[in-house]
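User: I would like to go through this model residue by residue, with the reasoning given for each answer. Please take the loops, the core and the ligand site in turn.

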Amino acid sequence: MKLTTAGESHGKALVAIIEGLPAHLEIDVERINAELALRQSGYGRGGRQKIERDRVEILTGVRNKETLGSPVTLCIYNKDYANWESCMSDRACDENIMQAKSLTKVRPGHADLTGILKFEQTDARNILERASARETAIRVASGGVFKQYLSALGIQIGGYVKEICGIKDEGKYTFEELAKAKTTATGMIDEQSSRLAEEKISALKKDGDTAGGIVEIRVKGVKSGFGSMMTYAEKLDANLAQALMSIQAVKGVEIGAGFAVGKTSGREIHDEIYFEEEKGYYRETNRAGGIEGGMTNGEEIVLSVAMKPIPTLMKGLKTVDFLTKEQAIASSERSDVCAIFALEIIAEAVVAQVLADCISKRLGGDTMSQIKNRYDLLP
Ligand code: EPS
């Protein structure tokens, strides 16, 4: 399967084309819209989310609520484009408004400076419009399609926010308990930790600052043998890490115990193997995070993803004005203080994409029922 996304943050729309979906996958568009609403929520989101009410429009590839096997095109119109048309249109723009909306006091941590130099621009707007995490809206919409493919096979994805700027939710949760994360203000499950995180976000906001954080993503129901150790390109852990790292502002991905594996001995870290007639092979621990040798081993897939604080600070950091080369304070645009709740939703979508692709490579299939029959026959 192949996913291509396009669209600028304040342009007309965000679009995605998904190639390689089978025919007869049932698509419930309202399930996708529910994911989009979740992505816009969470304590600490900014003003843009009050303007947008993201809803997906399916332009191609689905008829009568079922995929046809042709490319599926998704579209989310940016409501804010109405306020930006005079400087974001593909037609001749208003020079004065373009000037007023230009950004040259490049933000440390953002794509602004390197992008300006690389693409020979004089205005970081031509960089930030695509670098913006607004693009994640269409990835969540696409993820909504991939999740429906996975749930047709009995595979579910969940997760929660583990940490926001030093405030930790240290609970150990069953897969079923993860659903609660979607109902709290921060995405943390433990209410006390969630309240402390809210206080932290409020204090950062007051100080013109932003919050980083960590989320955990879990996948239940993937049978063993997806991904392959035969070539580096087929290793599932590598593909998950690549995809998660492509989410704006993500700086770290861990599979299972992650970096802790480097601090311990083999006896302490590897998951011992057992067999029972009814259960088949199983492990009593899951420090491998459900992946060994680049392949699923039938246990839950467990991933952690760390996001740096958003680089648009209301009290900007020191920088240089790209035009004058003078020392300056970085430009501040309307932005979010904390988008870790959103990260959890986005990371689920991205994981769904990688898994759907991996499953389709192994099982092929022109129709969803062929794929389901092949999946059900696997041990
Ligand atoms: C975002 C929309 C953007 C930002 C944010 C994510 O909207 P605007 O720039 O109009 O306020 O809130 O984007 C960034 C963090 C960024 O660096 O550009 C969204 O819909 O998620």
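**Ser228 and its surroundings**

Analyst: In this predicted model, Ser228 lies in the loop that runs between strand 10 (213-220) and helix 9 (236-245).

User: Is Ser228 buried or exposed?

Analyst: A place in a loop does not settle the matter, and the accessibility has to be consulted. Residues under 20% relative accessible area are counted as buried, and Ser228 has a relative accessibility of 13%. With neighbours within four places in sequence left aside, Ser228 is in contact with Glu234, Lys235, Gly293, Gly294 and Met295. Because its relative accessibility is 13%, Ser228 counts as buried.

User: From which backbone nitrogen does a polar side-chain atom of Thr296 lie 2.9 Å?

Analyst: Thr296 is placed in strand 15 (residues 295-296), and at 4% relative accessibility it counts as buried. Setting aside residues up to four places away in sequence, Thr296 touches Val222, Lys223, Ser224, Gly225, Phe226, Leu236, Gly290, Ile291 and Ile301. For one of these residues the distance of 2.9 Å runs from the side chain of Thr296 to a backbone nitrogen, that of Phe226.

User: Which residue lies over the face of Phe226?

Analyst: The cut-off for a charge over a ring is 6 Å from the ring centre, with a limit of 35 degrees from the ring normal. The residue over the face of Phe226 lies at 4.6 Å from the ring centre, and it is Arg362.

User: How far apart in space are Leu378 and Lys223, C-alpha to C-alpha?

Analyst: Leu378 belongs to the segment after helix 12 (368-377), and with a relative accessible area of 17% it is buried. Its contacts, with neighbours within four places in sequence left aside, are Lys223, Phe226, Arg362 and Leu363. Although Leu378 and Lys223 are 155 residues apart in sequence, their C-alpha atoms are separated in space by 7.5 Å.

**The nonpolar cores**

User: Which helix gives the largest share of the largest nonpolar core?

Analyst: The largest nonpolar core has 73 residues, and those with the most contacts inside it are Leu74, Tyr149, Leu150, Ile164, Leu244, Ile301 and Val351. The largest share of this core, 17 residues, comes from residues 340-363, that is, from helix 11.

User: How many residues are in the other core that lies apart from it?

Analyst: Among the members of this other core are Leu103, Ala124, Ile127 and Leu128. It lies apart from the largest core, and its number of residues is 7.

User: Which residue of helix 11 (residues 340-363) is in contact with Ile301?

Analyst: Once neighbours within four places in sequence are left aside, the contacts of Ile301 include Ile217, Arg218, Val219, Val222, Leu236 and Leu240. Its contacts also include Gly289, Gly290, Ile291 and Thr296. Helix 11 spans residues 340-363, and the contact of Ile301 that falls in this range is Leu355.

**Further sites**

User: What is the relative accessible area of Gln148?

Analyst: Gln148 is found in helix 7 (residues 136-151). Leaving out residues up to four places away in sequence, it touches Leu25, Glu26, Ile27, Asp28, Arg31 and Ile32. Gln148 is buried, because its relative accessible area is 5%.

User: What is the value near which phi of His24 lies?

Analyst: Most residues other than glycine have a negative phi. His24, which is placed in strand 3 (residues 23-26) and is partly exposed at 47% relative accessible area, has a positive value instead, near 70°.

User: Is Lys325 buried or exposed?

Analyst: Lys325 is found in the loop between strand 17 (318-320) and strand 18 (327-329), and its phi is positive, near 65°. Since its relative accessibility is 58%, Lys325 counts as exposed.

**The ligand site**

User: How far from an oxygen atom of the ligand does a polar side-chain atom of Arg334 lie?

Analyst: The residues that surround the ligand include His10, Arg39, Arg45, Ser132, Arg334 and Asp336. An N or O atom in the side chain of Ser132 is 3.0 Å from an oxygen atom of the ligand, and a polar side-chain atom of Arg39 lies 2.7 Å from a ligand oxygen. For Arg334, the corresponding distance to an oxygen atom of the ligand is 2.5 Å.

Methods: Residues numbered from 1 in each chain as written. Predicted model: local features only at pLDDT ≥ 70, side-chain atom pairs only at ≥ 80, totals over all residues. Heavy atoms only, no water. Core = buried A, V, L, I, M, F, W, Y, C linked by side-chain atoms within 4.5 Å. Buried < 20%, exposed > 50% of the residue type's maximum accessible area, 1.4 Å probe, protein only. Helix = DSSP H or I, 4+ residues; strand = E, 2+ residues; numbered from the N terminus. Contact = heavy atoms within 4.5 Å. Near = heavy atom within 4 Å. Polar contact = N/O pair within 3.5 Å; in protein donor to acceptor, adjacent residues only side chain to side chain.
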